[in-house]
Structure formats: structure tokens, C-alpha cells
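Q: I'd like to learn how to read a binding site and the pocket around it. Can we look at one together?

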Amino acid sequence: MSECLFCKIISGEIAPDKVYEDDDVLAFRDISPQAPHHVLVIPKEHIATLNDLEERHATLLGQMYLAVKAIAKQEGVAEGGYRTVMNCNHDGGQTVYHIHLHMLAGRGMQWPPG
Ligand code: AMP
Ligand code: ZN
């Protein structure tokens, strides 16, 4: 059994607040939202960090962004806009070691990020 939190969500051991799913990608609401809309898009394959990406994952990354596009429309934030973020390792602020794309929307975003 995987010890990875997001693998447990994929397997159904932990129930997410799901907003989107297809064969390769799952998306659910962040448990600690940093914006009125805060969704995490994850691949169903366990990939620990961006440093573990391989050439064969190239399409999968595109699928994650296409999921964001669909979710933005579904959530009604596509026109207003949104922020996508992937954190890598300690200095990047990564706390869950299964890659995930944050989609934040519903408020004005600051630049640069903290
Ligand atoms: P990061 O810091 O980029 O690794 O992001 C991890 C994100 O996962 C944080 O925004 C957490 O709030 C979120 N998170 C942690 N546990 C859960 C959970 N059980 N369900 C949904 N989101 C979670
Ligand atoms: Zn995992």
C-alpha cells in the first residue's frame, strides 16, 4: 500500500472533493484553500517531483493543463483568470511529494509570489 497521500486519494482510500477526472488525471479541491477557487490537478501515475519527469510524461503534463482549462470553464473563472503553480522540493514549497498543479482563482493574484 502506498504511503503517498495523493496515491491514497487516487485509490479511493481517502475521498477527495473531486472536480474533474479522466483516465490519466484527477482534480480535487485543496483542503486548505488559498483562494476562493483552489483546485489541485494530479496525474494518476505517482511522480514524486518535477525532477522525476521523464520524456514519456510529456503528454501527461499537457493533459494536466487541458484539465485546468476544462476546470476553469466549469468553475466560471476562465474569463476572469487564474494562477497555475507547481512547487518543486523544499525551496519551491512542495509539501506533498506527488506532483500537482495548483489552480487558484477568484481573487487578484500578487506578483512575485512569496
Ligand atoms: P504543495 O505545498 O505545493 O506540495 O501543495 C500541497 C497541497 O496539498 C497544499 O495546498 C495542501 O493544502 C493540500 N493538501 C494536503 N492534504 C490534502 C488533502 N487531503 N486533500 C486536499 N488537499 C490536500
Ligand atoms: Zn503518489
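A: Sure, let's start with the ligand: 15 residues surround ligand 1, and D30, N87, T95, H100 and H102 come nearest. A residue is near a molecule if one of its heavy atoms lies within 4 Å of it. This is a predicted model, where local features need pLDDT of at least 70, side-chain atom pairs count only at pLDDT 80 or more, and totals for chains, interfaces and linings use all residues. Residues are numbered from 1 along each chain as its sequence is written, chains are lettered from A and ligands numbered from 1 in the order in which they are written, and side-chain values use heavy atoms, with hydrogens and water left out.

Q: Which residues have an N or O atom listed against an oxygen atom of ligand 1?

A: Look for polar contacts, pairs of N or O atoms within 3.5 Å. D30 has a polar side-chain atom 2.5 Å from a ligand 1 oxygen, and an N or O atom in the H100 side chain is 2.9 Å from one. V96 uses a backbone N or O atom, at 3.0 Å. On its own, ligand 1 has 510 Å² of accessible area (Shrake-Rupley method, 1.4 Å probe), and the protein covers 82% of that.

Q: What is the mix of residues in the shell around ligand 1?

A: Six are nonpolar, seven polar and two charged. Here Ala, Val, Leu, Ile, Met, Phe, Trp, Tyr, Cys and Pro count as nonpolar, Asp, Glu, Lys and Arg as charged, and the others, Gly among them, as polar.

Q: Where does ligand 1 sit?

A: Rolling a probe the size of a water molecule over the atoms shows where empty space is left. Ligand 1 sits in the largest pocket, meaning that more than half of its atoms lie within 2 Å of the grid points. A pocket is an open set of points on a 1 Å grid over the protein atoms alone, where a 1.4 Å probe fits, with protein on both sides within 12 Å along at least five of seven lines; lining residues have an atom within 4 Å of a point. Its volume is about 690 Å³, the space filled by probe spheres set on the points. Of the 32 lining residues, D30, Q34, H38, L40 and H102 are closest to the centre.

Q: Which peptide bond is cis?

A: Most peptide bonds are trans. The one from W111 to P112 is cis, with omega near 0°.

Definitions and conventions. Polar contact = N/O pair within 3.5 Å; in protein donor to acceptor, adjacent residues only side chain to side chain.
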